[in-house]
Amino acid sequence: MEKHDFDNIIANDPYAYAPRLSVTIGGISYGSTVNINFCASCSYRETAITMKKILETQFPEIDVILDNYPSPLPKRLLSKVVPVFQFGVIGIIIAYEQIFPMIGIMTPVPWYYFLRANRFGSIVTAWLLGNVVQFFLQSSGAFEVFCNGELVFSKLKEGRFSGEIKLKDLVGKTLANSRVTNNLGVVWS
């Protein structure tokens, strides 16, 4: 975008790039944001979309943002190792007799004969078991709802999902009780 294009946009709509200020007027919070962070690998996307539609219908003046809630860093790093293990096992099953004599291992290890006797079953087992482990490591099980940065509901803490009506009520109470301050510290209500 060139500078004159930006100037034309600002001239036509001077508030196009202005920061949004959340203002509460009569219990309605214009510019408020609800963040729904969910576990994408747990198939919670549909639940999050349903909650978003309900909240936007009930509170049309708010922004509802959906985002993935990642698993903890150690689990994510381990999930990156699983495919290496899968392909390593499959490679050993397929090419053991050609690869290992080159690196000085002349007699196969005892478990190799078990894997080699049922190549197809061993490869499928390594693949499916690796995928299950990878899914477990990538899933966080989270469904966290924040309203203007304040935690409203946490599936990780509660150990269960919130019902649509209950969540709508929790967000409504948070919006009604919130007092938003601007950068100068002035409280608007």
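**Salt bridges, a helix crossing and a pocket**

The count of salt bridges comes to 2, where a salt bridge is a side-chain nitrogen of Lys or Arg within 4 Å of a carboxyl oxygen of Asp or Glu. The model is predicted, so that local features need pLDDT of at least 70 and side-chain atom pairs count only at pLDDT 80 or more, while totals for chains, interfaces and linings use all residues. Residues are numbered from 1 along each chain as its sequence is written, and side-chain values use heavy atoms, with hydrogens and water left out.

One salt bridge joins Glu 56 to Lys 52, with the closest N and O atoms 3.8 Å apart; because the two residues lie 4 residues apart in helix 2 (residues 45-58), about one helical turn separates them. Helices here are DSSP runs (H or I, at least four residues), numbered from the N terminus.

The axes of helix 3 and helix 4 (residues 110-117) come within 10 Å and cross at roughly 115°, the axes being lines fitted to C-alpha atoms over the stretch in contact, with angles from 0 to 180 degrees between N-to-C directions. In this contact (heavy atoms within 4.5 Å), Ile 92, Ile 93, Ile 94, Tyr 96 and Glu 97 of helix 3 meet Trp 111, Tyr 112, Leu 115 and Arg 116 of helix 4.

The largest pocket (on a 1 Å grid over the protein atoms alone, an open set of points where a 1.4 Å probe fits, with protein on both sides within 12 Å along at least five of seven lines; lining residues have an atom within 4 Å of a point) holds about 190 Å³ of space. Its lining includes Ile 93 and Leu 115, and helix 5 gives the most to that lining, with 6 residues.

Note on methods. Grid points are joined across faces, edges and corners, and a volume is the space filled by probe spheres set on the points.
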